[in-house]
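Reader: Hello! I am new to this structure and would love a close look at a single part of it. Could you take me to one of the enclosed spaces inside and walk me around?

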Amino acid sequence: MDLLYRTEELLGELIAFPTVSADGNLDLIAWAANYLKDLGAICDVTLDETGQKANLFATFGPEGDGGLVLSGHSDVVPVEDQEWSSDPFVMDDREGRLYGRGACDMKGFIACVLAVAPRIAEWPLTRPVHIALTYDEEVGCFGARALVDDLRAREIRPAMAILGEPTMMRVINGHKGCYEYTTHITGCAGHGSAPDHGVNAAVCAARYARRLMELEGELRTRAPEGSPFSPAWTTLNIGRIHSGHAHNVIPDHAEIDWEMRPVQRSDAEHVLAEIDRFAEEMLPAMLSVHSEVAITREVIAETQGLHPVKDSEVATIVSALTGANGLDVVAFGTEAGLFQSLGMDCVVCGPGSIEQAHKPDEYVSRDQLSACLHMLQGLEKHLT
């Protein structure tokens, strides 16, 4: 069977699984595990705490360290409030493009890997090839974090990883981290005419936000020399502030959603230490009015960045197979930093464009799938 045609078949099956992060991915993982087991892979399926989501880690070839991971996340973003030209969970073929939720982000890459898997099973591998499918990338990379912890506990140490996020098959060796938080401020309600008798959570939120913006200014001066990113420094953004119900009521609660995209871990450590210290300094004045006030910082997600490294074997291999003339960095985050934390040499390279991800009528082109298949098949000479 033609490999591209088989890839399209598999992509259609993958899109038909509505693996929105909130709903789980068990059916897709069970289907993929059975498919790979039939090819001779050793498959480990690990559930999350809810039992509704799972990672799949499948292995071909000899046991031991030094292998290659081909990784993709199985979850997709919701389709509510989006106007699609066709059913988002039924693949639609139009003018060389294959449409459906997850088509490029990132079931297109997964379909390519599964299509090539029968050939991988026949390669005389000298080091293992692992296929990793994770959950909850879209909401915080929780599946990859659990997978990396599991591999660390089992002392499994692959040497390289290719993460197939949509890059138009450009070879990416760096991206910033993404740290997301919600700060909850509990004050004390009261009448607006007597501000000293309450603790105004909205005012406290404004002070907290002002300190965040001061830190944002400091980050601009901390850009590492030669930083490849644009902008070169760690960014900080306040996405939402919510508090209060009426003009004449002292609000007793406020929330601030904020994030930062660090180019280096020390920047994140600096911001968190400074903003937590500022919160502690605010508390005594609040407590002097009421004993049950609080400022708490909730961690929504802390996704590590992918730090560019010199003399990368996997970057050299993938660049040769794709014909890339150089390595790039991107603004969006991936699971690659988590794999890198385990000591893996990582690149991000996959079919489709990030410009299509998360949008209605998401698609991946046949040309991009063909380019990905060419790259995956070319790995044989580097692993056998």
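Author: Happy to! Please keep in mind that this is a predicted model. Let us begin at the second largest cavity, which is lined by Leu-68, Met-160, Ile-162, Val-314, Ile-317, Leu-379, His-382 and Leu-383. About 30 Å³ of space lies in it. If you want to find the lining along the chain, look for strand E7 (160-163), helix H7 (313-322) and helix H10 (380-383), each of which supplies at least two of the lining residues. Sorted by class, this lining has seven nonpolar residues, one polar residue and no charged residues.

How many cavities of 30 Å³ or more are there? The count comes to two, and the other one is worth a visit too. The largest cavity holds about 40 Å³ of space. Around it you will find Leu-68, Leu-70, Val-113, Val-116, Ile-120, Trp-123, Val-129, Leu-376, Leu-379 and Leu-383. Leu-68, Leu-379 and Leu-383 may look familiar, as they are also among the residues that line the second largest cavity. Two elements give two or more residues to the lining of the largest cavity, namely strand E3 (68-73) and H3. Of these, H3 gives the most, with three residues. The class picture here is simple: ten nonpolar residues, no polar ones and no charged ones.

From H3 we can step across to a sheet. Three strands form this open sheet, in the order E4-E5-E17, with antiparallel pairing. Its edge strands are E4 (92-94) and E17 (363-365), and each of them pairs on one side only. On average, neighbouring strands of the sheet are turned by 25° against each other, direction ignored. Helix H3 (residues 103-122) packs on this sheet, where it touches E5 and E17, and its direction makes about 50° with that of E17.

Now for the pairing itself. E4 is joined to strand E5 (residues 97-99) by three bridges, and the two run antiparallel. For one pair to look up on your screen, take Asp-93, whose bridge partner in E5 is Leu-98. Another helix belongs in this view: helix H9 (residues 366-378) lies across E4, E5 and E17, running at about 65° to E17.

To retrace the walk, you can start from Leu-68, one of the residues lining the second largest cavity, go on to the largest cavity, where H3 contributes three lining residues, and then follow H3 to E5 and E17 in the sheet.

How values were computed. Residues numbered from 1 in each chain as written. Predicted model: local features only at pLDDT ≥ 70, side-chain atom pairs only at ≥ 80, totals over all residues. Heavy atoms only, no water. Pairing = 2+ DSSP bridges. Helix = DSSP H or I, 4+ residues; strand = E, 2+ residues; numbered from the N terminus. Axes fitted to C-alpha atoms, helices over the stretch in contact; angles between N-to-C directions. Contact = heavy atoms within 4.5 Å. 1 Å grid on protein atoms, 1.4 Å probe; cavity = no way out; pocket = protein on both sides within 12 Å on 5 of 7 lines; lining within 4 Å. Points joined across faces, edges and corners; volume = space filled by probe spheres on them. Nonpolar A, V, L, I, M, F, W, Y, C, P; charged D, E, K, R; others polar.
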